[in-house]
Amino acid sequence: MYTISRKLISSGLSRFKHYRINMSTKSALVLVAEGSEEMECVITVDVLRRGGINVTLAGLDSNNPTKCSRDVVVVPDKSVDEAMKSGPYDAIVLPGGLAGSKAFSASTSLGKILQEQEKSGKIVAAICAAPTAFKSHGIGLGKSLTCYPGLEKELLSSYKFSENKVVVDGNLITSRGPGTAFDFALTLVEELVGKEKSSSVRKGLLL
């Protein structure tokens with residue numbers, strides 16, 4: 001018969017509590033629609049999950065396979081409506097792609113979700129053409145942002161435009177395009193769980 005000392009039990013419980021405290025409880029909802037930019041979508045989901053963030057990939061209209069801008073088919077985890085039953089989320093993220101961004105802009109139900117997210121002070125993020133959906137739904141008006149080159153003409157009347165790869169203004173995070181997707185996602189990791197974790201993920205990706 002084995003005897004386990006109180007000291008050993010106490011040490012084990014201490015390590016378990018430390019592990020639980022350091023586990024990320026942060027969550028993110030990443031949207032995808034027909035015509036979304038697949039690199040921006042998949043890189044964001046991948047990097048956030050590497051950062052220990054609980055990510056749900058939600059289809060704008062359903063959880064059916066969704067054809068993206070370069071004909072890559074992405075299968076969402078859930079529809080947006082279903083995903084919101086598990087909310088709220090610490091971040092809601094919109095990938096770019098012109099057709100996908102137009103779908104985001106036209107969705108009144110998504111607009112209400114984004115407005116509630118902004119009202120709660122939680123992160124709203126978009127990359128490439130997707131910041132145009134923010135304007136459509138009145139998100140972050142007057143703040144600084146960036147977008148895909150050329151689309152700033154649509155945003156200048158409502159925002160302060162920047163050419164930086166990633167722009168953070170309060171809870172509004174935006175980025176420029178496929179080539180800045182890693183920087184965008186790593187910034188989200190930093191904002192959600194800290195610079196140390198973001199740096200660790202960056203190092204593992206050899207960036």
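# Inside a mixed sheet

User: Which residue in β11 stands opposite Ala125?
Analyst: This is a predicted model. Strand β7 covers residues 123–127, and it is joined to β11 by 4 bridges. The two strands run parallel. Opposite Ala125, in β11, stands Ile173.

User: In what order do the 7 strands form the open sheet?
Analyst: The chain holds 8 helices and 11 strands. Of these strands, 7 form an open sheet, and their pairing is mixed. Read across the sheet, the order is β5-β2-β1-β6-β7-β11-β10.

User: Which strands stand at the edges of the sheet?
Analyst: Look at the two ends of the order β5-β2-β1-β6-β7-β11-β10. A strand at an edge has a single partner strand, so one side of it is left without a neighbour in the sheet. That applies to residues 78–79 and to residues 166–169. The edge strands are β5 and β10.

User: In β7, which residue is the bridge partner of Leu94?
Analyst: Turn to the other neighbour of β7 in the order, β6. β6 and β7 pair in the parallel sense over 4 bridges. Leu94 has its bridge partner in β7, and that partner is Ala126.

User: How many of the residues of β7 are buried?
Analyst: Take the faces in turn. On one side, Ile123, Ala125 and Ile127 are buried. On the other side, Val124 and Ala126 are buried too. The strand is therefore largely enclosed by the rest of the structure, and its buried count is 5 of 5.

User: At about what angle does helix α2 run to β1?
Analyst: Helix α2 spans residues 38–50. It lies across β1, β2, β6 and β7. Its angle to β1 is about 165°.

User: Which strands does helix α7 touch as it packs on the sheet?
Analyst: Helix α7 covers residues 181–193. Its direction makes about 175° with that of β7. The strands it touches are β6, β7, β10 and β11.

User: Is the crossing of α2 and α7 left-handed or right-handed?
Analyst: The two helices pack at an angle of about 35°. Their axes are 9 Å apart. Their crossing is right-handed.

User: How many residues of the contact of α2 with α7 are nonpolar?
Analyst: From α2 come Glu40, Ile43, Thr44, Val47 and Leu48. The α7 side includes Phe182, Phe184, Leu188 and Leu192. Of the contact residues, 1 is polar and 1 is charged. The nonpolar count is 11.

User: What is the relative accessible area of Thr174?
Analyst: Thr174 is found in strand β11. Among the residues it touches, leaving out those up to four places away in sequence, are Ala126, Phe134, Leu145 and Phe184. Thr174 is buried, and its relative accessible area is 0%.

User: How far apart in space are Thr174 and Leu188, C-alpha to C-alpha?
Analyst: Leu188 belongs to the α7 side of the helix contact, while Thr174 lies in β11. In sequence they are 14 residues apart. In space, C-alpha to C-alpha, the distance is 9.9 Å.

User: Why is Cys68 in no disulfide, and which cysteine has the nearest sulfur?
Analyst: A disulfide needs two cysteine sulfur atoms within 2.5 Å. The nearest sulfur to that of Cys68 is 5.8 Å away, so the pair does not meet this cut-off. The structure holds 0 disulfides. Cys68 is buried at 3% relative accessible area, and the nearest cysteine sulfur is that of Cys41.

User: How far is the sulfur of Cys128 from the closest cysteine sulfur?
Analyst: Cys128 lies in the loop between β7 and α6. Its phi is near 65°, a positive value in a residue other than glycine. At 8% relative accessibility it counts as buried. The closest cysteine sulfur is in Cys147, too far for a bond, at 8.5 Å.

User: Does Leu206 count as buried or exposed?
Analyst: Leu206 is found in the segment after α8. Its phi is near 65°, a positive value in a residue other than glycine. Its relative accessibility is 78%, and the cut-off is over 50%, so Leu206 counts as exposed.

User: Is the peptide bond from Gly87 to Pro88 cis or trans?
Analyst: Pro88 is found in the loop between α3 and β6. Omega for the bond from Gly87 is near 5°. The peptide bond is cis.

Definitions and conventions. Residues are numbered from 1 along each chain as its sequence is written. This is a predicted model: local features need pLDDT of at least 70, side-chain atom pairs count only at pLDDT 80 or more; totals for chains, interfaces and linings use all residues. Side-chain values use heavy atoms; hydrogens and water are left out. Two strands pair if DSSP finds at least two bridges between them. Contact means heavy atoms within 4.5 Å. Axes are lines fitted to C-alpha atoms, for helices over the stretch in contact, and angles run from 0 to 180 degrees between N-to-C directions. Buried means under 20% relative accessible area, exposed over 50%, partly exposed in between (1.4 Å probe, protein chains only). A crossing is left-handed if the near helix is turned anticlockwise from the far one by less than a right angle, and right-handed if clockwise. Ala, Val, Leu, Ile, Met, Phe, Trp, Tyr, Cys and Pro count as nonpolar, Asp, Glu, Lys and Arg as charged, and the others, Gly among them, as polar.
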